[in-house]
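Me: I would like a close look at a single part of this model, taken slowly and with its surroundings included. Please keep the answer connected.

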Amino acid sequence: MPTDAESRLTARDELATSVLAENRAAGRKIAVAESCTGGMVSAALTDIAGSSDVFSAGFITYSAHAKRTQLDVSGEILETFGEVSLATAWAMAAGALANSDADVAVAITGIAGPGGGSEKKPVGQVVFARALRGQDPDDYFTQRVQFESTDRAAIRQAATLFALDLLQPAKDELRPSEDIVLPAP
């Protein structure tokens, strides 16, 4: 019987394989801008042989400085809204598109814990954004998700799977969304 870690890895690999196949079929390239996942989404995609024809770029922008210099996130956004915010995730996704040849980009920023949370931004809060090249920036998908866990690994894994799913071409019609709460098994 597979362990929980093996099951999570299998689910991740299956989803990454699907993301690559669906975007390949659509003739699209993808980019990812990651903060709290620290490269886990990029690793999931590049663990799949042949990913280079679809995966354009992965930006690991853990610090505010990296978000500013690699993704052109303005200091004003970071100072006004903070690193874990809809505005920052939106700017990260826009920056990933602007600094790559990708057709679709997903951004992830959040608080994986176990520390660092606050009443307004608790551990498990992760913010996502999704942008399509040529899309009206007002229509970029953004969503704040509260993963119900204080386990760092579980939050990061759940955020990775959520971000991978956002890269599916079937998600092209998504628009800005309401906050949601999900388990982080």
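In which loop is the place of T150, and what surrounds this residue?

Reply: In this predicted model, T150 sits in the loop that runs between strand β5 (141-148) and helix α6. T150 counts as exposed because its relative accessibility is 60%, and the cut-off for exposed is over 50%. Leaving out residues up to four places away in sequence, T150 touches P114, V123 and I155. The C-alpha atoms of T150 and A112 are separated by 7.6 Å, although these two residues are 38 residues apart along the chain.

One of the residues touched by T150, P114, belongs to the loop between β3 (104-110) and β4 (125-132). The peptide bond that joins G113 and P114 is cis, with an omega of about 10 degrees. For comparison, most peptide bonds are trans.

The helix that follows the loop of T150 is α6, and helix α6 (residues 152-166) also gives the largest nonpolar core its largest share, namely eight residues. That core has 57 residues in total, and those with the most contacts inside it are I30, L45, I108, F128 and F147. Taking L45 as an example, and setting aside its neighbours within four places in sequence, its contacts include L164, together with A16, V19, L20, I30, V32, S51, F55 and L167.

Key
Residues are numbered from 1 along each chain as its sequence is written. This is a predicted model: local features need pLDDT of at least 70, side-chain atom pairs count only at pLDDT 80 or more; totals for chains, interfaces and linings use all residues. Side-chain values use heavy atoms; hydrogens and water are left out. A nonpolar core is a set of buried Ala, Val, Leu, Ile, Met, Phe, Trp, Tyr and Cys residues joined through side-chain atoms within 4.5 Å. Buried means under 20% relative accessible area, exposed over 50%, partly exposed in between (1.4 Å probe, protein chains only). Helices (H or I, at least four residues) and strands (E, at least two) are DSSP runs, numbered from the N terminus. Contact means heavy atoms within 4.5 Å.
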